[in-house]
Structures are given as structure tokens and as C-alpha cells.
Amino acid sequence: MLANIDLHSHSICSDGTLTPEALVQRARAQGVQVLALTDHDTLDGLPDAAAEAARQGIGFVPGVEVSVTWAGETIHVLGLRIDPASSPLMDGLARNRNGRLGRGREIADALAAAGVPGAYEGALRHAASPALLARSHFARFLVQQGFCANTQQVFEHWLVPGKPGFVPQRWAALDEAVGWIRAAGGLAVLAHPGRYRLSETALWALAEDFVAAGGKGIEVVCAGHDAADVQRFAHWCRRLGVAASRGSDFHGPTESRVELGQVPPLPSGLVPIWANWPDLLHNHPS
Ligand code: AMP
Ligand code: MN
Ligand code: MN
Ligand code: MN
């Protein structure tokens, strides 16, 4: 039996809906043996998640999902097995959060101009702090107000480029984000490559830039990747000589596309990003 390893998930410390403790408990109940908490641009949930994982007897990977701007597009880079006490990482993430602070106000202003009042306070009710406001929190507010039936629809009609509540943002540069992760002793993984609005040529250029910057893996299996995506990015791992990762990108029981741990296994013939983590896997050989 392959170990069930889920290296991408969110808690209320970013835009998930479960506390770190509840997330870990749910992971265990779903049969996950090793879980990474990878909140957007924050490490706040890691101590509670690590403590709960120890109580539950599952392996825990401290992680983060860093927002990056590359060629004008928002890209996500996962940092796995990072040291949460690393100053370069903490300082870098603080810069990204500072950007969130201003953007939250701008999104609310844009929504107000489009006929949605009170979005700043409304979104904030779902978020841990103004510096951690994500589009997901605005999406929940718009659903609550009856503008859309679900958060997916809010993204389609309000919060993406070309729609009234979209505000462009400049996050960290790719090499900066990878640098912070490496400085924290972690492994940088390119998150959900199949979800970016990039041409095949641009996406490959991104993957090459990522590896040149010190990126160590690609998230081959994740929510939003179909079987063809999995094969394509497995091939990219082999071509680039990098490892492969697997994650559900779970945000909560009612909003996520898939349950914790419930994505396919990695295709065979790839080096898993957890290949050198025997301490976490001694009970669960992969
Ligand atoms: P932000 O980092 O604030 O721009 O928000 C990005 C987050 O919004 C992602 O991490 C997802 O959780 C969520 N998201 C982005 N696009 C969609 C979408 N099309 N449908 C649902 N959620 C989305
Ligand atoms: Mn998210
Ligand atoms: Mn992401
Ligand atoms: Mn994510």
C-alpha cells in the first residue's frame, strides 16, 4: 500500500475554513499519513497543526504557499519542510502580507463601485486579519449577501481579471520566493501548474525559470489536474530532473473540489518530493 501523503492544504489562518487542529483531525480520519499545512503567505497555523499531528500520530510537514508574480501572472510556490523560525522567510512573507493589506481595501472599493457595499468589513469577518485577506474571503461574503450561489461563481463573475472586483497585484518575484524557501531549509515546489492562464510555451518557460531559481519539484497530482495534466507534468519532472509532489489543496469541507488525501497517487517512475524524508515515512514505506 502506498502511503497517503497530502502536501497541500489550508486552514483558517489563510483562506481555509477549519482550524489547524480540526484540519489535522480530518486528515487523519481520511487516512492521510503525512500532511503539509501550506497556508497562503503565513506560517501562523504551523505550531498548532504540528502539535495536533503529534497527538494524532500522523506525520506533519511545515509548509507555506507563497504568492508570486511572474510575467504579470500570479503563480503559487509551495515551500515544504521549511523552518518556521527562518528570518528571511518570515520577512519575505511579511512583505507579501503587506501587499494583501492594501489590496483588500482596493478590492472592497472596486466592489463598492460595482454595487456591492460593505465588502471590506464583510470579508474581514471570514479572515484572521486584514493582512491575510484573500479573494476567497470576499467570495464568501458575496455568497452570504446573495450575489452568487457559490464561491466558484463569485470568482467567475467578480474576482478574476476582466471582472469588476479584480485588482491586479504585484507579489514576490519567483527567485525571491524560492530564495526565502531555500533559506528556510525547505524544498520549493511549483503549485498546480495546470491552473495558470499561460500558453504552453510560457508555462514551460516558467518551469525552467523555477528550476533555475532552485525549485526542486512540481505538483504533478492536485485538485484541478486531469489525467492528461498528470501525464504532462510527470513528463516535465523527468525532463527537468526534479521531484514530483501530490496535494489536495483542501480549503474546507464545503468549498473544496476534493477531500483531504483524495487525489490519485503519483504516477510510477517519478522521484517523490518526500523521497528523502525517512523520518516521516518510516511507518509507511512508499
Ligand atoms: P488571493 O491569493 O487572495 O488572490 O486568492 C487566491 C485564492 O482564491 C486561491 O488560493 C483559491 O483558494 C481561491 N481561488 C482562486 N481562483 C478560484 C476559483 N476560480 N474558484 C474558487 N476559488 C478560487
Ligand atoms: Mn486559497
Ligand atoms: Mn494555489
Ligand atoms: Mn493552495
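A polar side-chain atom of Gln152 sits 3.2 Å from a nitrogen atom of ligand 1. That contact opens the tour of a predicted model. Taken alone, ligand 1 exposes 500 Å², and the protein buries 80% of that.

Two further contacts involve oxygen. In the side chain of Arg103, an N or O atom is 2.5 Å from an oxygen atom of ligand 1. For the side chain of Asp15, the distance from an N or O atom to an oxygen atom of ligand 1 is 3.0 Å.

Now step back to the whole shell. Ligand 1 is surrounded by Asp15, His40, His76, Arg100, Arg103, Ala134, Arg135, Ser136, Gln152, Phe155 and His251. By class, the shell holds 2 nonpolar, 5 polar and 4 charged residues. Three helices each supply at least two residues of this shell: helix 3 (87–113), helix 5 (135–144) and helix 6 (151–159). The space that ligand 1 takes is the largest pocket.

Some shell residues lead on to metal. Asp15, His40 and His251 surround ligand 1 along with other residues, and these three are also the protein donors of the manganese ion (ligand 2). Asp15 donates through OD, His40 through NE2 and His251 through NE2, at 2.1 to 2.2 Å from the ion. In sequence, the donor residues are spaced D-x24-H-x210-H. Asp15 lies in the loop between strand 1 (5–6) and helix 1 (20–29), and His40 in the loop between strand 2 (34–37) and helix 2 (46–56), so the pair ties together parts that are 25 residues apart in sequence.

Ligand 2 has manganese neighbours to place. The manganese ion (ligand 3) is 5.6 Å from the manganese ion (ligand 2). The manganese ion (ligand 4) is separated from the manganese ion (ligand 2) by 4.6 Å.

Which residues coordinate the manganese ion (ligand 4)? They are His8 (NE2), His10 (NE2), Glu65 (OE) and Asp249 (OD), at 2.1 to 2.2 Å. Along the chain, these donors follow the spacing H-x1-H-x54-E-x183-D. His10 and Asp249 link distant parts of the chain, 239 residues apart. His10 is in the loop between strand 1 and helix 1. Asp249 is in the loop between strand 7 (243–247) and helix 10 (278–281).

One loop therefore serves two ions: the loop between strand 1 and helix 1 carries Asp15 and also His10.

Definitions and conventions. Residues are numbered from 1 along each chain as its sequence is written. Chains are lettered from A and ligands numbered from 1 in the order in which they are written. This is a predicted model: local features need pLDDT of at least 70, side-chain atom pairs count only at pLDDT 80 or more; totals for chains, interfaces and linings use all residues. Side-chain values use heavy atoms; hydrogens and water are left out. A residue is near a molecule or strand if one of its heavy atoms lies within 4 Å of it. A polar contact is a pair of N or O atoms within 3.5 Å; within protein, one must be able to donate a hydrogen and the other to accept it, and residues adjacent in sequence count only if both atoms are side-chain atoms. Accessible areas come from the Shrake-Rupley method with a 1.4 Å probe; for residues, only the protein chains shown count as cover. On a 1 Å grid over the protein atoms alone, a cavity is a set of points where a 1.4 Å probe fits but cannot get out, and a pocket is an open set with protein on both sides within 12 Å along at least five of seven lines; lining residues have an atom within 4 Å of a point. A molecule sits in a cavity or pocket if more than half of its atoms lie within 2 Å of its grid points. Helices (H or I, at least four residues) and strands (E, at least two) are DSSP runs, numbered from the N terminus. Ala, Val, Leu, Ile, Met, Phe, Trp, Tyr, Cys and Pro count as nonpolar, Asp, Glu, Lys and Arg as charged, and the others, Gly among them, as polar. Donors are N, O and S atoms within 2.8 Å of the metal (3.2 Å for Na, K and Ca); water is not among the atoms, so sites may look incomplete.
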